[in-house]
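Please look at the structure below and follow it step by step with the explanation that comes after it.

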Amino acid sequence: GIASAIINDIFKPYFRGTSSGHGIGLAIVKKLTDASSWQIAVQSEENKGTTMKISNIKIFRTSSKYEN
């Protein structure tokens, strides 16, 4: 899981909680969720695991000229 001391920084560009990676993945996810008015929630317990949940997703369907 993610340490509580850094949980508020995980969506910042180039922030890395470990020595690997580039620190852009979660920043991109946050930009996409914000741009789409989605919600992202993080639940983490250090040394046990982390769960991220994206909610408030609305799907808009448009009709297709190929539908019957």
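The paragraphs that follow describe the strands, the helix, the loops and the largest pocket in turn.

The model shown here is a predicted one. A good place to begin is the pair of strands. Strand β1 comprises residues 39-45 and strand β2 comprises residues 49-55. The two strands run antiparallel, and 7 bridges join them. Individual partners can be picked out along this pairing. Val42 in the first of these pairs stands opposite Met52 in β2, and Gln43 has Thr51 in β2 as its bridge partner.

Two further residues help to show how the strands are placed. Ala41 belongs to strand β1. Its C-alpha atom is 6.5 Å from that of Ile54, although Ala41 and Ile54 are 13 residues apart in sequence. Is Ala41 buried, partly exposed or exposed? Its relative accessible area is 43%, and Ala41 is therefore partly exposed, since this class covers values from 20% to 50%. Thr50 is part of strand β2. With a relative accessibility of 34%, Thr50 also counts as partly exposed. From Thr50 to Ser20 the C-alpha distance is 18 Å, and 30 residues separate the two in sequence. As a general point, the side chains of a regular strand alternate between the two faces of the sheet.

The turn between the strands deserves separate attention. The hairpin of β1 and β2 has 3 residues between the strands. Asn47 is found in this loop between β1 and β2, and Asn47 takes a positive phi near 65°. In general, most residues other than glycine have a negative phi. How accessible is Asn47? The value is 73%, and Asn47 counts as exposed because the limit for that class is over 50%. The C-alpha atoms of Asn47 and Phe11 are separated by 20 Å, with their positions 36 residues apart along the chain.

Positive phi values are found elsewhere as well. Ser37 is not a glycine, yet it has a positive phi of about 60°. Ser37 lies in the loop between α1 and β1. Asn56, which is not a glycine either, has a positive phi of about 70°. Asn56 is located in the segment after β2. Its relative accessibility of 38% means that Asn56 counts as partly exposed.

The helix comes next. Helix α1 covers residues 25-35, and Val29 has its place there. Val29 has a relative accessible area of 26% and is therefore partly exposed. Between the C-alpha atoms of Val29 and Ile40 the separation is 8.9 Å, and these two residues are 11 residues apart along the chain.

Aromatic rings can be examined in two ways. How many aromatic pairs does a search of the whole structure find? The search finds 0. A ring may, however, have a charge over its face. Lys30 lies over the face of Phe11, at 6.0 Å from the ring centre.

The last topic is empty space. Rolling a probe the size of a water molecule over the atoms shows where such space is left. In this model the largest pocket holds about 160 Å³ of space. Its lining is made up of 16 residues, and the closest to the pocket centre are Ile10, Phe15, Arg16, Gly17 and Leu26. What is the character of the lining of the largest pocket? Its residues divide into 7 nonpolar, 7 polar and 2 charged.

Conventions: Residues numbered from 1 in each chain as written. Predicted model: local features only at pLDDT ≥ 70, side-chain atom pairs only at ≥ 80, totals over all residues. Heavy atoms only, no water. Pairing = 2+ DSSP bridges. Helix = DSSP H or I, 4+ residues; strand = E, 2+ residues; numbered from the N terminus. Phe/Tyr/Trp six-rings, centres within 6.5 Å; stacked < 30°, edge-to-face > 60°. Lys NZ or Arg CZ within 6 Å of the ring centre and 35° of its normal. 1 Å grid on protein atoms, 1.4 Å probe; cavity = no way out; pocket = protein on both sides within 12 Å on 5 of 7 lines; lining within 4 Å. Points joined across faces, edges and corners; volume = space filled by probe spheres on them. Nonpolar A, V, L, I, M, F, W, Y, C, P; charged D, E, K, R; others polar. Buried < 20%, exposed > 50% of the residue type's maximum accessible area, 1.4 Å probe, protein only.
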